[in-house]
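Work through these exercises with the sequence and the model side by side. Try each task before reading its solution.

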Amino acid sequence: SSPSRVLGESGSSAGEDVVDKDGVLYMISSNSNNLLKSSDYGANWTTSSGNHGSNIGGGSGRIATDGTLIVFAYKAGDGYVYSKSTSDDGATFSGTQLTLGTGVGTALMADGLRFHDGKWFAILVNGQCAYSANGTSWTAGATVPDAIDNVSYGIGCIVVGSGYSKHYISTNHGASWSEFAAPVAAGALADTLWTFWIGDPP
């Protein structure tokens with residue numbers, strides 16, 4: 001049988017706004033064009049030596065790491081979504097536009113950026129998503145048919161819940177999605193913005 005999948009929990013307070021890489025905390029800010037760094041668990045912060053020059057929309061930025069690369073994605077002032085990456089702890093940055101359209105609802109989910117099962121994945125509240133093998137070159141995935149309220153990651157799968165009492169699962173980092181019946185209606189979960197799933201993908 002296939003190995004058991006255990007999906008964790010995510011919600012509006014679970015956004016990866018701070019990541020730990022080799023014992024150093026990194027954070028992005030809409031008020032600075034540098035990464036903020038702390039080597040004493042957040043007691044003191046300094047700025048990275050490099051400037052990423054990004055116009056980050058307030059509260060839209062998300063940051064993640066695979067242990068080597070640090071990637072952050074954000075909604076810019078023009079309404080499009082971009083990503084920046086650094087492999088030297090913020091000395092230099094590479095950037096690209098994610099192939100996602102502008103418009104209402106293009107803010108990233110609270111837990112909408114993750115290095116997951118060997119690939120990078122980003123998803124927006126309107127269901128648009130993208131994935132990347134290297135964190136710098138992105139491919140647009142399939143759009144989830146409904147606006148989503150929550151996202152959760154497991155071994156070999158990603159599950160999102162919609163406020164329309166629907167759940168969708170992807171086993172290929174968002175290249176395609178399948179609707180499935182969950183044991184608890186997504187509409188009920190939308191009130192708390194949490195998704196849980198334990199077991200094999202349906």
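**Exercise 1. Is Cys129 buried or exposed, and what is its relative accessibility?**

Solution. First, the ground rules. This is a predicted model in which local features need pLDDT of at least 70 and side-chain atom pairs count only at pLDDT 80 or more, while totals for chains, interfaces and linings use all residues. Residues are numbered from 1 along each chain as its sequence is written, and side-chain values use heavy atoms, with hydrogens and water left out.

Step 1: take the scale. Buried means under 20% relative accessible area, exposed means over 50%, and partly exposed lies in between (1.4 Å probe, protein chains only).
Step 2: place the residue. Cys129 has 0% relative accessibility, so it counts as buried.
Step 3: try another cysteine. Cys157 has a relative accessible area of 1%, so Cys157 is buried too.
Step 4: look for disulfides (pairs of cysteine sulfur atoms within 2.5 Å). The search of the whole structure finds zero.

**Exercise 2. Take stock of the protein chain.**

Solution. Step 1: count elements. Helices (H or I, at least four residues) and strands (E, at least two) are DSSP runs, numbered from the N terminus. The chain has one helix and 18 strands.
Step 2: check burial. Of its 202 residues, 46% count as buried.
Step 3: check the surface. The chain exposes about 8900 Å², and carbon and sulfur atoms supply 49% of that. Accessible areas come from the Shrake-Rupley method with a 1.4 Å probe; for residues, only the protein chains shown count as cover.
Step 4: check contacts (heavy atoms within 4.5 Å). Among contacts between residues at least 6 apart in sequence, 45% join residues at least 24 apart.

**Exercise 3. Trace the chain from β2 to β4.**

Solution. Step 1: apply the pairing rule. Two strands pair if DSSP finds at least two bridges between them.
Step 2: start with β2 (residues 18-21) and β3 (residues 24-27). They run antiparallel, joined by four bridges. Lys21 has Val24 in β3 as its bridge partner.
Step 3: inspect the turn. β2 and β3 form a hairpin with two residues between them, and Asp22 in the turn has a positive phi of about 55°.
Step 4: move on to β4 (residues 36-38). Three bridges join β3 to this antiparallel strand. Here Met27 faces Leu36 in β4.
Step 5: find Asn31. It sits in the loop between β3 and β4. Its relative accessibility is 74%, so Asn31 counts as exposed. The C-alpha atoms of Asn31 and Asn55 are 9.2 Å apart, although the two are 24 residues apart along the chain.

**Exercise 4. Give the strand order of two open sheets.**

Solution. Step 1: the order in one sheet is β6-β7-β8-β9, four strands with antiparallel pairing. Its edge strands are β6 (62-65) and β9 (94-97), each pairing on one side only. Neighbouring strands are turned by 20° against each other on average, direction ignored. Axes are lines fitted to C-alpha atoms, for helices over the stretch in contact, and angles run from 0 to 180 degrees between N-to-C directions.
Step 2: zoom in. Four bridges join β6 to the antiparallel β7 (residues 70-75). Ile63 has Phe72 in β7 as its bridge partner.
Step 3: another open sheet of four strands has the order β14-β15-β16-β17, again antiparallel. Here β14 (148-154) and β17 (178-180) are the edge strands. The average turn between neighbours is 30°, direction ignored.
Step 4: zoom in again. β15 (residues 157-162) and β16 (residues 166-170) pair over five bridges. Val159 has Ile169 in β16 as its partner.
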